[in-house]
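Open the model in your viewer and keep the selection panel at hand. The stops below say what to pick next and what is there.

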Amino acid sequence: MEQSPEMDRLLPLANVAKLMKKALPGNAKIAKDAKETVQECVSEFISFVTAEASDKCQREKRKTITGDDLLWALTTLGFEEYVEPLKVYLGKFRQTEHKAEHKT
């Protein structure tokens with residue numbers, strides 16, 4: 001079965017459902033239309049933020065979007081309340097990556 005271009009831009013439904021389940025009590029059920037709605041919203045949000053970061057990179061004549069570009073885009077788009085927790089996460093991620101690179 002061939003996927004439509006619409007489906008190519010969406011996060012996999014199974015991944016979205018797994019994240020939704022983590023946020024709910026163990027006995028909670030999630031309707032398929034709820035999963036699909038969140039899938040659509042999350043995918044659109046990621047595209048929105050990524051496009052803003054990409055525009056910044058193009059203006060700066062860079063080809064690679066970094067975590068810092070995404071944090072900048074979130075602030076620019078009015079999602080500054082997400083920036084501090086994501087800075088913490090990005091710092092921890094970078095530490096883990098750095099340790100993995102220097103491990104022999």
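**Stop 1: the largest pocket.** This is a predicted model, and its largest pocket has a volume of about 280 Å³. Select Phe45, Ile46, Val49 and Thr50, then add Ile65, Gly67, Leu70 and Leu71; these are among the lining residues. Complete the selection with Leu74, Leu86, Tyr89 and Leu90, which also line the pocket.

Which helices each supply at least two residues of this lining? Colour H3 (32-59), H4 (67-76) and H5 (83-101) to see them. Now colour the lining by class. It has 10 nonpolar residues, two polar ones and no charged ones.

**Stop 2: H2 against H3.** Select helix H2, residues 13-22, together with H3. Their axes lie 9 Å apart, and the packing angle is about 105 degrees. Is H2 roughly parallel or roughly perpendicular to H3? Roughly perpendicular, because angles of 65 to 115 degrees count as such.

Show side chains at the contact. From H2, pick Leu13, Val16, Ala17 and Met20. They meet Ala34, Lys35, Glu36, Val38 and Gln39 of H3. By class, the residues of this contact divide into six nonpolar, one polar and two charged.

**Stop 3: the loop between H3 and H4.** Centre on Lys61, which sits in this loop. Check its backbone: phi is positive, about 55 degrees, although Lys61 is not a glycine. Most residues other than glycine have a negative phi. Is Lys61 buried or exposed? Its relative accessible area is 74%, so Lys61 is exposed, the cut-off being over 50%.

Move on to Thr66, found in the loop between H3 and H4. Thr66 has a relative accessible area of 30% and is therefore partly exposed, between the 20% and 50% limits. Draw a distance from its C-alpha atom to that of Leu90. The two residues are 24 apart along the chain, and these atoms are separated by 10 Å. Leu90 is one of the pocket-lining residues from the first stop.

**Stop 4: H4 and its neighbours.** Which residues of H4 are buried? Select Asp69, Leu71, Ala73 and Leu74. The buried residues of H4 pack against H3 and H5. Two of the names, Leu71 and Leu74, will be familiar from the pocket lining.

Now show H4 with H5. Their axes come within 10 Å and cross at roughly 175 degrees. That angle is over 145 degrees, so H4 is roughly antiparallel to H5. On the H4 side, the contact is made by Gly67, Asp68, Leu71, Leu74 and Thr75. On the H5 side, select Val83, Leu86, Lys87, Leu90 and Arg94. The residues of this contact divide into five nonpolar, two polar and three charged.

**Stop 5: past the end of H4.** Pick Gly78, which follows H4. Its phi is positive, near 90 degrees.

Finish on Glu80, in the loop between H4 and H5. How accessible is Glu80? At 45% relative accessibility, Glu80 counts as partly exposed. Leaving aside residues up to four places away in sequence, Glu80 touches Leu74 and Thr75. Leu74 and Thr75 also take part in the contact of H4 with H5. For a last distance, join the C-alpha atoms of Glu80 and Asp55. They are separated by 18 Å, with the two residues 25 apart along the chain.

Note on methods: Residues are numbered from 1 along each chain as its sequence is written. This is a predicted model: local features need pLDDT of at least 70, side-chain atom pairs count only at pLDDT 80 or more; totals for chains, interfaces and linings use all residues. Side-chain values use heavy atoms; hydrogens and water are left out. On a 1 Å grid over the protein atoms alone, a cavity is a set of points where a 1.4 Å probe fits but cannot get out, and a pocket is an open set with protein on both sides within 12 Å along at least five of seven lines; lining residues have an atom within 4 Å of a point. Grid points are joined across faces, edges and corners, and a volume is the space filled by probe spheres set on the points. Helices (H or I, at least four residues) and strands (E, at least two) are DSSP runs, numbered from the N terminus. Ala, Val, Leu, Ile, Met, Phe, Trp, Tyr, Cys and Pro count as nonpolar, Asp, Glu, Lys and Arg as charged, and the others, Gly among them, as polar. Buried means under 20% relative accessible area, exposed over 50%, partly exposed in between (1.4 Å probe, protein chains only). Axes are lines fitted to C-alpha atoms, for helices over the stretch in contact, and angles run from 0 to 180 degrees between N-to-C directions. Angles under 35 degrees count as roughly parallel, over 145 as roughly antiparallel, 65 to 115 as roughly perpendicular and the rest as oblique. Contact means heavy atoms within 4.5 Å.
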